[in-house]
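User: Please take a close look at one part of this model, the contact surface between the two chains, and set it against the rest of the structure. Give the cut-offs as you go.

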Amino acid sequence: METVKTQDVTFNDLNWKIEYDADRCTMCGSCVAVCTFGAIEVVAERRSKTVSKGHQPDPTQQHQAVPVIKQKNGAANACVGCGICEKICPNRAIHPVRNTDSRGTLVSRSGSPIKRGGRTNLNADRTLDKIVVGRISQMTDPSLDSERHTFDILAPFGRVLPATELPFQSDGSELSLTGKTPPVNWIYPVIFSDMSIGALSTRAWEAVSLATAYLNEKHHIPVRMSSGEGGMPVKLMESEYLKYTILQIASGHFGWNRIIKAMPRMKVDPAGILIKIGQGAKPGDGGLLPAAKVAEHVQAIRGVPKADLMSPPNHQGLYSIEESVQKMFLSMNAAFKFRVPVAIKCAASATSVSVYNNLLRDPYKICGGFFIDGIQGGTGAANEVSLDHTGHHVVSKMRDCYLAAVKQGRQGQIPLWAGGGLGMTGNAAADAFKMICLGANGVFIGKLLIQLCGCVGNEHGRCNSCSTGKCPTGICTQDPRLVKRLDVDKAAQNIVEYTLALDSELRKLMAPIGNSSLPVGRSDALVTTDNAVANKLGIQYVC
Amino acid sequence: MCRIGAIKSKVPFHPSEALYLMLPQQEGHDNSGFAMVMQDLAGLFAKYKDKPLLSLACTQKGAKLVEDYMEAHNFRPIFEWIPRGKRQPGLDIKALPYYIFRNYDYPEHYRNAGQAEREALLMDTRLALRKILEKDDQGYVYSFWPDVLTLKEIGDPRDIATYFNLWEKNGDLMAKNIVVQCRQNTNYDIVRYAAHPFFLQGYTLCANGENTFYTKNKEFQKSLHRGYVGFESDSQNFLYTLHYVLHELKWPIKYYKHVITPLPFEEIEHRPDKAQLTAIRQSLSHLEINGPNTIIALLPNGNMMTCCDSKKLRPVVVGGDDTTLAISSEVCGLNVILPNRDKSKDIYPNEREVVVITPELEVQRWKQ
């Protein structure tokens, strides 16, 4: 009899267990070949079998060595539940099962924090699903026809001046502009959020970029995508399509060397600049690109050697909001000669209202948008402790910011954009619409896009392995063999089709409340059966 | 929807004309009240056109509170009209004990004050009176402005007219402009302040419909001006925006329509005044209205205006002759008071159109 060492990490200590049916297995080996985590292997097992080979029953017991698929022990090769083995198995002989008695959080901390990608797995509650659009046009006013009427589904990106400060001159019948106003781009109220080349494979980034261009060129839906930190291909920067991209600058300033060098050759301006101060998935922590993912092309775009790329938690020299206004905003605005709106993205925090107030009261009036990223946001790599135990919910925080602006009569001056878990359940239009009614000008979505590309991760600990370089869907890896699993055209098509559906759904939500333009701040359109939510957000409680 | 109407004439006319305009339009919850604003007065008030006229309804205690306040603030009463109607039993009216229509002279130290100062004084006085009266529900103050009289009451407009003796054309009460509406609030509580027309610093407005951007309009307007109060009706938003655009921002009138029902971005893109329209749309996006609406407004300069929501979901018609023009929700009202007009010249403004009638009865029409 073998001696049991209880400290040994075996497969039943891990988060996922492989269920394998040897009777269905034909030993084709596909599952082992496809598993990027090396979680399963082919081994020979000694089996005791009763066989009968003659014409008459003649059972005899035999001991055989049979080849089987077996889950490996040890945390290093833990199954992440991605289910790619199940996807490829022709005989449904294998699939991962969540281990409800997992000791994974104990056995995975071997001297250093657990690092992973994905999203928070502890804070996946959904405020937005407790809210419905309850103010329907009935009798007092007619609903509109989502198919027949026209709808203005656009949101501002840029600093909006109060009417009293518009440089207008009146001759009694006409107004003329006598000065310049800050640039404002009216874009689709759903931005494809910042995911960098590096976090994503070039092919996955390309899919999002293709979808963006297609939606603009073919469907005239003015969606913009943010580049993410880490730059973008020079060819794209020097093309007409740059106008669909919001360039991001984050604390590592990765990629900006090439952006600045490309500026003289840019044919068009980018759609905007987004300064990333923080992100919802790991607030207070800088970006992280593990060396495993710093492939040659990433080194080229970012101008770095192959190493862990860690952006600092702060922009260097940035110690106050005032400084961010004076330095970052001015230099970014000046770089494009004040033609391109510059916005800022922060992780939602108990301090968000203070930040927003500071920006609203900034005398230079050059902050063109406040992006708030909630705890349910995603990331390519983070410490699990950050993902699960730091952050702030975005719904109430965005609402707090809006109401702070209302109190000062400054609503709409710095557009509010919210993200982080929006579209988590696949219903991005409903999420966006509710956020807009609560005061957001628009929303940004990221994880949803890669899920449309085929990402299988979720909020219940499935996969979330974006940091490993072993992404089984070819989305968050730079391994050329894995990237080949991603059909770029199909991925782009999925995003396009989803966005077209989302656009129709937005109309389907605007029409019954009788609105032909976005109901920003129309909180009276929303009701909830949750009294606490009603009180916090200032919407009607119903039962 | 409620019906709204307005009459504008070169010669002063009697309020019964306004009733004849409105009564044929009765439907549903209509004729549950009567509210009108008269401007450019003749008759009894003709001699006091430059003196602010206070229009209010109140209790005895309320009347005393108002008198005390006005005295304490050096307003000197110089003329008062007490409506003496037939207070017969059985009338459908929720009358208050006192109706005060009283001209005051400005306080001594305002004799030489400029227009803006006087306007501010009159509004602040009205707001102060409103606050005093509101405290124990002692009454309602509707307007305090030179040459403007407001009457509002709950009940059947025919009986209200009887009560105030408005059927008898005795020449006492006459005006060149009347804006009128015969319905109490149907959506929310019936309070006298919720009945249009609404008045603020020379601007009168009534609207028929449902402003579905009420909440966002209200949240924005509250911080724009101290006179933007009440919000008992979603139609007040239209008045406050009108006042803000014309009085505060001092923009030409054509931009009012661009604020409340901005052109779609796609159309703005092709306009020569694209820069202005875009700036207006983005800066005042919280003053945009949505939902079905028609607006009738009367401006301090005597111009009368009407326009509709951007989908033309509520009707309105303008018609008349060389002496009198009227704006009405339904043409049947016009047919009663102006049966001999040339009906082929009636105007049915479209969703992008603004119609303005000047004091000389010149009709200006344009598309936004």
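Analyst: The account below starts with the chain interface and then turns to single residues, the domains and the cores.

This is a predicted model, in which local features need pLDDT of at least 70 and side-chain atom pairs count only at pLDDT 80 or more, while totals for chains, interfaces and linings use all residues. Residues are numbered from 1 along each chain as its sequence is written, chains are lettered from A and ligands numbered from 1 in the order in which they are written, and side-chain values use heavy atoms, with hydrogens and water left out.

The size of an interface is often given as the accessible area lost when the parts come together. Chain A and chain B bury about 3,200 Å² between them, with 57% of that on carbon and sulfur atoms; buried area is the accessible area (1.4 Å probe) that two parts lose on being put together, summed over both. In terms of residues, 43 of chain A are in contact with 37 of chain B, where contact means heavy atoms within 4.5 Å.

The rule finds 3 salt bridges across the interface of chain A and chain B, a salt bridge being a side-chain nitrogen of Lys or Arg within 4 Å of a carboxyl oxygen of Asp or Glu. Arg135(A) and Glu210(B) meet through their side chains in a salt bridge, at 3.0 Å from N to O. There are also 17 residue pairs in polar contact across the interface of chain A and chain B, both residues at pLDDT 80 or more. A polar contact is a pair of N or O atoms within 3.5 Å; within protein, one must be able to donate a hydrogen and the other to accept it, and residues adjacent in sequence count only if both atoms are side-chain atoms. On the side of chain A that touches chain B, β8 (168–170), β9 (175–177), β10 (184–187) and α11 (394–407) of chain A each supply at least two residues. The largest share of that side, 3 residues, comes from β9(A). Helices (H or I, at least four residues) and strands (E, at least two) are DSSP runs, numbered from the N terminus.

Glu288(B) sits in the loop between α9 (274–283) and β11 (293–298) of chain B. Glu288(B) counts as buried because its relative accessibility is 9%; buried means under 20% relative accessible area, exposed over 50%, partly exposed in between (1.4 Å probe, protein chains only). Leaving aside neighbours within four places in sequence, Glu288(B) is in contact with residues including Ser517(A), Phe213(B) and Arg281(B). The side chain of Glu288(B) also makes a polar contact with the side chain of Asn290(B), at 3.5 Å.

Within chain A, the domain assignment gives domain 1 (11–51 + 60–111) and domain 2 (129–150 + 190–513 + 520–541); such bounds come from an automatic or database domain assignment. Domain 1 of chain A and domain 2 of chain A bury about 980 Å² between them, 53% of it on carbon and sulfur atoms. Thr36(A), Phe37(A) and Cys82(A) supply 43% of the area that domain 1 of chain A buries against domain 2 of chain A, more than any other three residues. Across this domain interface the rule finds 0 salt bridges, and the count of residue pairs in polar contact is 7, both residues at pLDDT 80 or more.
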